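Reader: I am new to this structure, and before I accept any label put on it I would like to hear the reasoning behind that label. Could we go through it together, one term at a time?

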Amino acid sequence: MKYPKLRELKEAIKALILGPYTTKFPNVPHCPFPRFRGKPVPDEKGCIGCGACAEVCPPGSILITDNLTAKPPVRSLKWRHDFCIFCGQCERICTTKEGVKLSNEFNLADLKRDNMFSEIKKELVICSECKEIIAPKDQILYVAKKLGVQAYSNINIIALTQQELLDNSEEIPDSSQPLRRQTAFKILCPKCRHQQWVFDDYNKTS
Ligand code: SF4
Ligand code: SF4
């Protein structure tokens, strides 16, 4: 028992000389340590809306909602600060490494929990035939950039980058023709693309 008492005495003397470890916040502004993990801040430009961060978030505090009735359809990504445990997994796993960063903001108190979130929205690309979600537009353009010239092997990427180049937000017009080779440059989900090629090659739909 002798040694623990001496250790406590040493700590007490140190605290008397150096002052307490605790800060005087909120009376005195507090400056967190450089590696402090605070509020996650998503970046509209850096995020491509892929949702990889939501897959790894331990408490499930990143909520993804797709609104297909909006014009254009959008994906909303919400970082709920009231559920967040500030583990930093979303920043670590981020596909682009620029989508979300943990800031040193720690004062997140609010009277309403529903106000405690950061949100970004991403335009969705949907299948022009069955209206299934393909991916967020920024995610497809990010993949196209990564692939370089190899991106030209993917019809959806060609069609989408063409729309971007022509600054044309309208989809390639729906020809109301069956899925045949002449409609090859429509933006299609994998299932409809498969039907298109099978129908074209074997004259059947599946
Ligand atoms: S810091 Fe951790 S808990 Fe908070 S949003 Fe990111 S992954 Fe989820
Ligand atoms: S780009 Fe990063 S922050 Fe955005 S959804 Fe993907 S993993 Fe999350």
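Author: Gladly, and since this is a predicted model, every value below is computed from it; to begin with, buried residues make up 18% of the 206 residues in the protein.

Reader: What makes a residue such as A151 partly exposed?

Author: A residue is called buried if 20 or more other C-beta atoms lie within 10 Å of its own, and exposed if 12 or fewer do. A151 has 18 other C-beta atoms within 10 Å, which lies in between, and therefore A151 is called partly exposed.

Reader: Where is A151 placed, and which residues does A151 touch when those up to four places away in sequence are not counted?

Author: A151 lies in the loop between α4, residues 137-147, and α5, residues 155-165. With those sequence neighbours left out, A151 touches A144 and I157. The C-alpha atoms of A151 and I140 are 9.9 Å apart in space, while the two residues are 11 apart in sequence.

Reader: Which residues of α4 are buried, and what do they pack against?

Author: The buried residues of α4 are K137, D138, Q139 and I140, and they pack against β5, β6 and α5. After α4 comes G148, which has a positive phi near 65°.

Reader: How many helices and strands does the protein have, and in what order do they run?

Author: The protein has six helices and six strands, and from the N terminus on they follow the order α-β-α-β-β-α-β-β-β-α-α-α.

Reader: How do you know that β2 and β3 pair?

Author: Two strands count as paired if DSSP finds at least two bridges between them. Six bridges join β2, residues 62-67, to β3, residues 74-80, and so the two strands pair, running antiparallel. Within this pairing, L63 has K78 of β3 as its bridge partner, and β2 and β3 form a hairpin with six residues between them.

Reader: What makes β5 a partner of β3, and how many bridges join β5 to β6?

Author: Seven bridges link β3 with β5, residues 117-126, in the antiparallel sense, so the requirement of at least two is met. Examples of facing residues are R80, which stands opposite F117 in β5, and L77, which stands opposite I120 in β5. β5 is in turn joined by three bridges to β6, residues 133-136, again antiparallel, with P136 in β6 as the bridge partner of L124. The hairpin of β5 and β6 has six residues between the strands, and in this hairpin K131 takes a positive phi near 65°.

Reader: In what order do the strands form the open sheet, and which are called edge strands?

Author: Four strands form the open sheet in the order β2-β3-β5-β6, with antiparallel pairing. β2 and β6 are the edge strands, as each pairs on one side only. From one strand to the next, the twist averages 30°.

Reader: Which residues come nearest to each ligand, and how do the two shells divide by class?

Author: Around ligand 1 there are 14 residues, of which C57, C84, C87, Q89 and C90 come nearest; this shell divides into 11 nonpolar, three polar and no charged residues. Ligand 2 is also surrounded by 14 residues, the closest being C47, C50, C53, C94 and G99, and its shell has nine nonpolar, five polar and no charged residues. The cysteines named here are nonpolar and G99 is polar, because Cys is counted in the nonpolar class and Gly in the polar one.

Notes: Residues numbered from 1 in each chain as written. Chains lettered and ligands numbered in written order. Predicted model: local features only at pLDDT ≥ 70, side-chain atom pairs only at ≥ 80, totals over all residues. Near = placed C-beta within 6 Å. Contact = placed C-beta atoms within 7 Å. Axes fitted to C-alpha atoms, helices over the stretch in contact; angles between N-to-C directions.
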